[in-house]
Amino acid sequence: MDSIDEILGELPLPPYVTAEDVGLAIRAVTVHAAEQWPDGQRCRNDRAVHPCRLHRWGRRVLDQRGLTDRQMQLLIAEQTAPQR
């Protein structure tokens, strides 16, 4: 965890997870994906140590919604698939 994460803490979860929250969480996980750097994995978007705050928030929202890892991967694949 970066020192900024220690200061700011985790992003709060919504009181209940809506379909809109799931969409935002999928977007957060997709945009804030891991990228390999010489010093280890970093967030592709903000270069924070991976997983960054937004990636962790997205995963926690999807977990709270009750999605399995397989379901999350399918939603992420749909989000990153090229549009026809």
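**Exercise 1. Helix H2 and its cover**

Task: In this predicted model, find what covers the buried residues of H2, and compare the span of H2 with the expected span.

Solution.
- Step 1. Look at the cover. H3 and H4 are among the elements lying over the buried residues of H2.
- Step 2. List what is buried. In H2 these residues are Asp21, Val22, Ala25, Ile26, Ala28, Val29 and Thr30.
- Step 3. Check the span. H2 has 13 residues, so at 1.5 Å a residue 18 Å is expected. The end C-alpha atoms of H2 are 18 Å apart, which agrees.
- Step 4. Recall the helix rule. An α-helix has 3.6 residues a turn, so residues three or four places apart point the same way. Look for this spacing in the list of step 2, which includes Val22, Ala25 and Ile26.

**Exercise 2. The nonpolar core**

Task: Which residues make up the largest nonpolar core, and which element gives the largest share?

Solution.
- Step 1. Name the members. The core has twelve residues: Val17, Val22, Ala25, Ile26, Ala28, Val29, Trp57, Val61, Leu62, Leu67, Met72 and Ile76.
- Step 2. Assign the elements. Two or more residues of this core come from each of helix H2 (19-31), helix H3 (53-65) and helix H4 (69-80).
- Step 3. Find the main contributor. H2 supplies five residues, the largest share.
- Step 4. Set this beside the general trend. In soluble globular proteins, nonpolar side chains tend to be buried together.
- Step 5. Follow one member outwards. Beyond residues up to four places away in sequence, Val17 touches Val22, Val61, Gln64 and Arg65.

**Exercise 3. Helix H3 and Arg53**

Task: Is Arg53 buried or exposed, and what does Arg53 contact?

Solution.
- Step 1. Place the residue. Arg53 is part of helix H3.
- Step 2. Apply the cut-off. Buried means under 20% relative accessible area. Arg53 has 18% relative accessibility, so Arg53 counts as buried.
- Step 3. Find the partners. Setting aside neighbours within four places in sequence, Arg53 is in contact with Asp5, Leu8, Gly9, Glu10 and Leu11.
- Step 4. Widen the view. The buried residues of H3 are Arg53, His55, Arg56, Trp57, Gly58, Val61 and Leu62.
- Step 5. Check the helix itself. H3 has 13 residues and reaches 18 Å between its first and last C-alpha, close to the expected 18 Å. Gly66 follows H3, with a positive phi near 90 degrees.

**Exercise 4. Backbone in the loop between S2 and H3**

Task: Which peptide bond is cis, and what is phi of Arg47?

Solution.
- Step 1. Start from the background. Most residues other than glycine have a negative phi, and most peptide bonds are trans.
- Step 2. Find the cis bond. It joins His50 and Pro51, with omega about 0 degrees. Pro51 sits in the loop between strand S2 (40-43) and H3.
- Step 3. Read phi. Arg47 is not glycine, yet its phi is positive, near 65 degrees. Arg47 also lies in the loop between S2 and H3.
- Step 4. Judge exposure. Arg47 counts as partly exposed because its relative accessibility is 37%.

**Exercise 5. Glu35 in strand S1**

Task: What does Glu35 touch, and how far is Glu35 from Val49 in space?

Solution.
- Step 1. Place Glu35. This residue is found in strand S1 (residues 34-37).
- Step 2. Classify it. Glu35 has a relative accessible area of 29%, so Glu35 is partly exposed.
- Step 3. Collect its contacts. Not counting residues up to four places away in sequence, Glu35 touches Gly40, Gln41, Arg42, Arg44 and Arg47.
- Step 4. Read the distance. Glu35 and Val49 are 14 residues apart in sequence, and their C-alpha atoms are 9.7 Å apart.

**Exercise 6. A patch on the surface**

Task: Which residues make the nonpolar surface patch of about 320 Å²?

Solution.
- Step 1. Name them. The patch is made by Ile4, Ile7 and Leu8.
- Step 2. Take Ile7 and place it. Ile7 belongs to helix H1 (residues 3-8).
- Step 3. Test exposure. Ile7 is exposed because its relative accessible area is 67%.

**Exercise 7. The whole chain**

Task: What pattern do the helices and strands follow along the sequence, and what percentage of residues is buried?

Solution.
- Step 1. Count elements. The protein has four helices and two strands. Their pattern is α-α-β-β-α-α.
- Step 2. Read burial. Of the 84 residues, 33% count as buried.
- Step 3. Read the surface. About 5,700 Å² is accessible, and 54% of this belongs to carbon and sulfur atoms.
- Step 4. Read contact range. Among contacts between residues at least 6 apart in sequence, 60% join residues at least 24 apart.

Definitions and conventions:
Residues are numbered from 1 along each chain as its sequence is written. This is a predicted model: local features need pLDDT of at least 70, side-chain atom pairs count only at pLDDT 80 or more; totals for chains, interfaces and linings use all residues. Side-chain values use heavy atoms; hydrogens and water are left out. Patches are made of residues with over 30% relative accessible area and no salt bridge: like charges are joined within 9 Å, nonpolar side chains (Val, Leu, Ile, Met, Phe, Trp, Tyr) within 5 Å. Accessible areas come from the Shrake-Rupley method with a 1.4 Å probe; for residues, only the protein chains shown count as cover. A salt bridge is a side-chain nitrogen of Lys or Arg within 4 Å of a carboxyl oxygen of Asp or Glu. Buried means under 20% relative accessible area, exposed over 50%, partly exposed in between (1.4 Å probe, protein chains only). A nonpolar core is a set of buried Ala, Val, Leu, Ile, Met, Phe, Trp, Tyr and Cys residues joined through side-chain atoms within 4.5 Å. Contact means heavy atoms within 4.5 Å. The expected span of a helix is 1.5 Å times one less than its number of residues.
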